[in-house]
Amino acid sequence: MTQLPDYNSMSDKEFRQTVCNFVEENYPALPRYALSRLHWEEVKPWYLTLAEKGWICPTWPREHGGMGLTAGKHLIMIEEFERFGCARVNDIGPVMLGPLLLKYGTDAQKGHFLPKILSGEHVWAQGYSEPGAGSDLAAVRCEAVLDGDDWVINGQKTWITLGMDANWIFILARTDKTVKKQAGISFLLVPMDAKGITVRPILNLELEAEFCEVFFDNVRVPADHIVGSANEGWTAAKALLGHERVFIGAPRLSASAMGRLKRIAQRAGFWEDPVFRDRYVALQCDVMDLSDLFETYVDKLRDGEAIGADVSMLKIFQSELYQRISELILEVAAEESGLRAPPEDDRRLHAASTYLSARPTTIFGGSTEIMRNVLSKAILDLPS
Amino acid sequence: MTEEWIENARMMVDSARAVVPGDGSVERVRKTRFQGAGFDREVMRQVAELGFFLIRVEEDEGGFGLGMRETCELMRVLGGGLLPEPVLSSMMSGALLQSALPETVRTGEEVIVMAWQDQTGSLSWAGGARGGTIDGHKVNVPGAEGADLFAVITSNGVALVPRDAAGLAVTGAETLDGGRIGSLSFASVDVEFLPCERIKEVLEDATLGHSAYLMGLAERALDITLDYLRMRKQFGQPIGSFQSLQHRATEMKIQLELSRAAIFATARRFDTGADPMTRAQSVARCKLRAAQMTMLVMREAVQMHGAMGITDEADIGLYVRKAMTEVNFFGPPRVHRQILANLLEDAS
């Protein structure tokens, strides 16, 4: 890999053009505008293309193989990828684990794991939730006990997005049962081919195996496969996300759903219908106002300001807006709302795809209910 | 005093337990998905033996002559059990054909479904008749590929058309719930039209019955969700103890009861003789409420189940996919709002 240019010194326009050109010239023969996640075997060529260019980890510092982009430049990159309809790669390594290792990892861990994320040799999955620990994540029971030079892990993790694609997983494990629940959790790194691991894919409502559960039966990993100190995993896990928390509330999901709503209405023959338009423009105002609210956070990121708990407002409004649009799409599709296959073989015309893909957005990455609780306390200062 | 219809309805619901288990199990439904014609002919035969296809055939035509209240109560129970078989469509074929409903259908040997709709997204049904033949299309016919006979509705009356009639092509598509929906294409199919005075009324009855099916679907989905709220613990307590969820569950219940009240009051109006305007207005209102209430319940049911709600293995997912499939049959909400707007007293 040759030395990357200093993208941050480019003008926004120049950088946008650079990204746009690269995508148009190098995007492999993959689906564009996919409404559900692609598996590693499909999306790998795109990951490797980005890896070879040095663009797979835009936010990592340049000295660690990243692009060192500012939030503003990163946003431009995301926008250009979205505009082209690039498939989302298995990005848990670049987005979640990398930044966490950079902050909490040992030099040995950084030296070993970061290059393997950059090359695509390691594909990571996130093992946080358990059957009894969803919204109440600190209730994790999957247990790790130090036995000689190994952690011995027993328990279960679930709702692991694309976990069946991964060859490594990081988990939150219970390492002390005698203290307050948040204080007895450790952050461990586990190879998926370790003896005692069983993976069970779970079909979602679209009948696709997008997530899975993983069972740990006396799985042994070396004692140094821990990030941070023992029992301090909760702090590390909570520190994650950074400006990803802003992007998760970006208006793009809703904006693209509006495009699909328009096409479905045109196909159904009442795009011109004034009653429909009344409802359409009401939603359009929501999308545009969300964009303006989103921009205020982007401005904060550009100015290097800290992002507070109030950023959850973006995700709550965006995910619920996406669902409302999807619900109108379902009505507009009339009797075709029940078809399993997309009309004209185009998923963008498929009401059910949009409706179903909108369902998890209010559940994963912090349920809307939990986020409203946090807002009530942290922002509105309401009593418990 | 127990009204007669309640006793009739109770007996029908009891006998329906042969095809819709009383314990709420939907295992049979899960296993039947995405196979063959999307429904089980053996179950249709059982339903025929139970006499359900004769409910809307008058007594002097060899049927039971039961009312819409009994019909709606039955449809509610079938909806709760996610019954995949096109029972309503067969029942309404009986209502159209009366004494002409073939003996083979009465015994369950053959399956009949109703083909009425000219175009997706519209309630028009008058198309197709040309002299003594049918031309054109009838769409959104449930279980069309697995049926033997069609009761085809046109402006000339009802025609009984066998699936293998010359000039008739049947195509089908898979639906989200694991069933199949069909389209009929007629190329000058020779038929005999049977005069039917009650086509519009039968379609209204069917719409009301379908609303009751949706209501039963939503009612059961709410029950399943309430059970989950009671059972699922987070933060050391059942999530049903959280007030924000309690309020939303209450809203679902209110909407459900509004829907139930509207449907059964409308069924009573239908049974006791209502003028055309009242019929048209009340059935549109019932379908509108049932559709919107059903989708409210499904949205909340998924959300309250958390990640379990977006899996295929949780039963609630079967309800969601069934609702997505069925909710817009007999007209999506906008069509019914349009009808109601046109029926306003000062509408010109």
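Which residues of H8(B) are buried? In this predicted model, the list includes Met252(B), Leu256(B), Ser259(B), Arg260(B), Ala262(B), Ile263(B), Phe264(B), Thr266(B), Ala267(B) and Phe270(B). Helix H8 itself covers residues 243-272 of chain B, which makes 30 residues in total. From first C-alpha to last, H8(B) reaches 43 Å, close to the 44 Å expected at 1.5 Å a residue. The cover over its buried residues includes three other helices of chain B: H4 (68-80), H7 (199-231) and H9 (276-304). A handy rule helps when looking at any such list: an α-helix has 3.6 residues a turn, so residues three or four places apart point the same way. Right after H8(B) comes Gly273(B), and its phi is positive, near 90°.

Stepping back to the whole of chain B, there are 11 helices and 10 strands to find. Its radius of gyration comes out at 20 Å, close to the 20 Å that the globule rule gives for 348 residues, so chain B is as compact as a globular protein of that length. Along the principal axes, the C-alpha atoms of chain B fill a box of roughly 70 × 50 × 40 Å. Of its 348 residues, 51% count as buried. Contacts tell a story about sequence distance too: taking those in chain B between residues at least 6 apart in sequence, 74% join residues at least 24 apart.

Some of the strands of chain B come together in sheets. Strands of a sheet pair through backbone hydrogen bonds, either parallel or antiparallel. One open sheet in chain B has 4 strands in the order S2-S3-S7-S6, with antiparallel pairing. At its edges stand strand S2 (129-130) and strand S6 (168-174) of chain B; each has a single partner strand, so one side of each is left without a neighbour in the sheet. S6(B) finds its partner in strand S7 (residues 180-190) of chain B, and 7 bridges join this antiparallel pair. To see the pairing up close, look for Ala169(B), which stands opposite Ser185(B) in S7(B).

Another open sheet of chain B also has 4 strands, here in the order S1-S4-S5-S8, and its pairing is mixed. Strand S1 (112-115) and strand S8 (193-194) of chain B are the edge strands, each pairing on one side only. Strand S5 (residues 157-162) of chain B pairs with S8(B) in the antiparallel sense, over 2 bridges. In that pairing, Ala159(B) sits opposite Phe193(B) of S8(B).

Chain B doesn't stand alone, of course: 32 of its residues are in contact with 30 residues of chain A. On the chain B side, the elements that give two or more residues are S6, H9, helix H10 (315-326) and helix H11 (333-342). H10(B) gives the most, with 6 residues. Sorted by class, this side of chain B has 14 nonpolar, 12 polar and 6 charged residues. Two of the contributors have already turned up above: S6(B) is an edge strand, and H9(B) helps cover the buried residues of H8(B).

Over in chain A, the count is 12 helices and 8 strands. The chain is divided into domain 1 (7-89), domain 2 (124-232) and domain 3 (249-379). Taken over C-alpha atoms, the centres of domain 2 and domain 3 of chain A are separated by 32 Å. A compact globule of 384 residues would have a radius of gyration near 21 Å, and the 22 Å of chain A agrees with that. The box filled by the C-alpha atoms of chain A is roughly 70 × 50 × 45 Å along the principal axes. Buried residues make up 41% of the 384. For contacts in chain A between residues at least 6 apart in sequence, 71% join residues at least 24 apart.

Two residues of chain A give a feel for how this looks locally. Asp147(A) lies in strand S2 (residues 143-147) of chain A, and it counts as exposed because it has 11 C-beta neighbours inside 10 Å. Its C-alpha atom is 55 Å from that of Ile329(A), which is 182 residues away along the chain. Phe22(A) belongs to helix H1 (residues 12-26) of chain A. With 16 C-beta neighbours inside 10 Å, Phe22(A) counts as partly exposed. From Phe22(A) to Leu339(A) is 317 residues in sequence and 37 Å in space, C-alpha to C-alpha.

Conventions. Residues are numbered from 1 along each chain as its sequence is written. Chains are lettered from A and ligands numbered from 1 in the order in which they are written. This is a predicted model: local features need pLDDT of at least 70, side-chain atom pairs count only at pLDDT 80 or more; totals for chains, interfaces and linings use all residues. Domain bounds come from an automatic or database domain assignment. Two strands pair if DSSP finds at least two bridges between them. The radius of gyration is taken over C-alpha atoms; the globule rule is 2.2 Å times the number of residues to the power 0.38. A residue is buried if 20 or more other C-beta atoms lie within 10 Å of its own, exposed if 12 or fewer, and partly exposed in between; C-beta atoms are placed from the backbone. Two residues are in contact if their C-beta atoms, placed from the backbone, lie within 7 Å. The expected span of a helix is 1.5 Å times one less than its number of residues. Ala, Val, Leu, Ile, Met, Phe, Trp, Tyr, Cys and Pro count as nonpolar, Asp, Glu, Lys and Arg as charged, and the others, Gly among them, as polar.
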